[in-house]
Amino acid sequence: MIVCGDLMIRVLLIQGQGSQTLVHDLTGRMEVDLVQSSSVQGGQIQAAKGSFDIILAPGPGSYECLELAYLPALLTWNQSVRSSGTSTVFLLYSPAGESLVITDISAGIVPVEPGPESVRTLISAFRQASSRGRLERSFRTGYDLQSRVIASMPLAYLSLENGLIVGCNPACEQLSGRSSESLIGSPFSDLIRAEEDPGVRYGAILHTSHEGTIPVRIHHPLGSDSGNFQSGMLFLEDRREPEQLTASLRDTERECREKLWLSETLVLKFAPDGIITFANNATLRCFGYTELGLLGNHISLLLPSGLDPQASPLSLFLGVANESEPTAIHIMEHLRSNGGKIYIAWTTKAYYTSSGELTGLLCIGTDMTDQTPEGEGRISTRIWRDRVIDGTDVLPEVFDAILQACIEIAREGREGKPVGTAFLVGDREAVMARSRQLILNPFYGHPAEMRTIIKKDVREMLKEYALLDGAFVVSGDGMLEAAGRYITVDASEASLPKGMGTRHSSTAAITTVTRTVGLVVSESGGRVSVIKDGKIVKVIG
């Protein structure tokens, strides 16, 4: 049995002179799926019932009743079989003396000499013919698939030869408003007017509707003439919607810049080197500068002079940009043009290239400054303070005074060294019952006027006692009750983010069993955490 790959070869033999030799070789010396027919008409009927890999038909000098119309009819049959998409191969056989000549209509002549090698020659001829048939079928399948893909794709397609359009798809007809009959055969230059820029390849496709011309981008795959568009495949991208979007984007950008300029929210942008590149009107008013007086200057112009010289001003804003704590209010101290202090709560977005290089920072801010009775600026807590002290005996002015003291301790430390401490504000008796002294209480026995946290000189004194281990205890009305208190509540149940130390966990623990509010100054990060009911509710950095 002749097998090509995993498929057995099916052979249709039209009987003629020399056919008996073929039958003898095919059936006597090898096994094939052989079907015989006495005439071409009969062979056509057999072929209509089932497909064949090879059709063996008598050639000139072999057909017993050779007619003038026989060969044209045979060639027409071959053409119809090929156009049907099957991989059937036609072979003609003719006797030549003692030899038998096999003629492949497409591939040439294969002489089959009598003898033991004839079977091998036939097998080789059959395999070559069958393989070529399958290869042609594969090509036709690929071409048909490509044609179907091109026909169904939404991108307009054109095929060119010598500057003339020889093929197009329905999308091209729809885009141009022309039928394929009117497109095929027409010069490409009549349809497209290409722009001069070869990198972009915009043009205008001539449209027969009322739209006139349509902007398109011309894509030319590898193998096409990308310079003059003479031959090859072209794809036309409709650019009407992108052009409209680009125009709309330009209008939107202008409107956004106008709104940013007129907005009461502070908007500040600066480059990686710290040079200010944009500041809206609200920012200029807040800091007391004109646009010319601020743009082009370094961001350090807006920062207090007492900052750590080792800390880059850019790193302060980057720290805000990289902060993931959702409850954090990042309030930074700044200087106005007249030297006055203001406090701005910033939300910062850092922009990077694909390689990770910083390209700039955009900062959105809110002025959080209040004026103290002494006329100094301090952080405003009005928008969130009431939720923190709700359900406690802590007075608003007491909370603000302690928060200001914590911020000063976090920023200044003591003698240039960072300091960490904690304040427990409100519910004095419950807090004292759940804590004990580590040292002698420095506030015991002093009159009330020397212990009230509202006074500025008392707050200055706290910076000395902040060096002591333990926490401060403050009553809800602002009386300093104790310093150096050790919290005796079990801190294992406190639920805080990772990285928090014992000062934070013990403060969180005592707020779960009392109605106190905890404020913790972080020694390592210089941040102030506000804790209530065992949770961090605000972070000021």
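Two strands are taken as paired if DSSP finds at least two bridges between them. Helices (H or I, at least four residues) and strands (E, at least two) are DSSP runs, numbered from the N terminus. The model is predicted: local features need pLDDT of at least 70, side-chain atom pairs count only at pLDDT 80 or more, and totals for chains, interfaces and linings use all residues. Residues are numbered from 1 along each chain as its sequence is written, and side-chain values use heavy atoms, with hydrogens and water left out.

**View A. Strand 3 and strand 5 run parallel and are joined by 3 bridges.**
Val11 stands opposite Ile54 of strand 5. Strand 5 covers residues 54-58, and 5 of its 5 residues are buried (under 20% relative accessible area, with exposed over 50% and partly exposed in between; 1.4 Å probe, protein chains only). Strand 5 is therefore largely enclosed by the rest of the structure. Ile54, Leu56 and Pro58 point one way from this strand, while Ile55 and Ala57 point the other way; all are buried.

**View B. Leu12 is placed in strand 3 (residues 10-14).**
Leu12 counts as buried because its relative accessibility is 0%. Leaving out residues up to four places away in sequence, Leu12 is in contact (heavy atoms within 4.5 Å) with Val35, Ser37, Gly43, Gln46, Ala47, Phe52, Ile54, Ile55, Leu56 and Trp77. Among these residues, Ile54, Ile55 and Leu56 touch Leu12 and are buried residues of strand 5. Another partner is Gln46: 34 residues separate Leu12 from Gln46 in sequence, and their C-alpha atoms are 8.1 Å apart in space.

**View C. Strand 9 (residues 156-161) pairs with strand 10 (residues 164-168) in the antiparallel sense.**
The pairing runs over 4 bridges. Ser159 has Gly167 in strand 10 as its bridge partner. The two strands form a hairpin with 2 residues between them. In this hairpin, Asn162 takes a positive phi near 55°.

**View D. The side chain of Thr369 has polar partners at Tyr343 and Asp367.**
Thr369 belongs to strand 21 (residues 369-371) and counts as buried at 16% relative accessibility. A polar atom of the Thr369 side chain lies 2.7 Å from the backbone nitrogen of Tyr343. The side chains of Thr369 and Asp367 make a polar contact at 2.7 Å. A polar contact is a pair of N or O atoms within 3.5 Å; within protein, one must be able to donate a hydrogen and the other to accept it, and residues adjacent in sequence count only if both atoms are side-chain atoms.

**View E. Arg385 and Asp400 form a salt bridge (a side-chain nitrogen of Lys or Arg within 4 Å of a carboxyl oxygen of Asp or Glu).**
The closest N and O atoms of Arg385 and Asp400 are 2.4 Å apart. This pair links distant parts of the chain, with Arg385 in helix 12 (residues 385-389) and Asp400 in helix 13 (residues 396-412), 15 residues apart. Both residues are buried. The structure holds 8 salt bridges.

**View F. Arg451 and Glu481 meet through their side chains in a salt bridge, at 3.9 Å from N to O.**
Arg451 lies in the loop between strand 24 (435-437) and helix 15 (456-465), and Glu481 in strand 26 (residues 480-487), so the pair ties together parts that are 30 residues apart in sequence. Arg451 is buried, with a relative accessible area of 15%. Salt bridges with shared partners join Arg428, Glu429, Arg451 and Glu481 into one network. Within this network, Glu429 and Arg428 form a salt bridge whose closest N and O atoms are 3.7 Å apart. Glu429 is exposed at 60% relative accessibility, whereas Arg428 is partly exposed, with a relative accessible area of 30%.

**View G. Ser505 is located in helix 16 (residues 502-513).**
With a relative accessible area of 17%, Ser505 is buried. Apart from its neighbours within four places in sequence, Ser505 is in contact with Ala491, Ala494 and Leu496.
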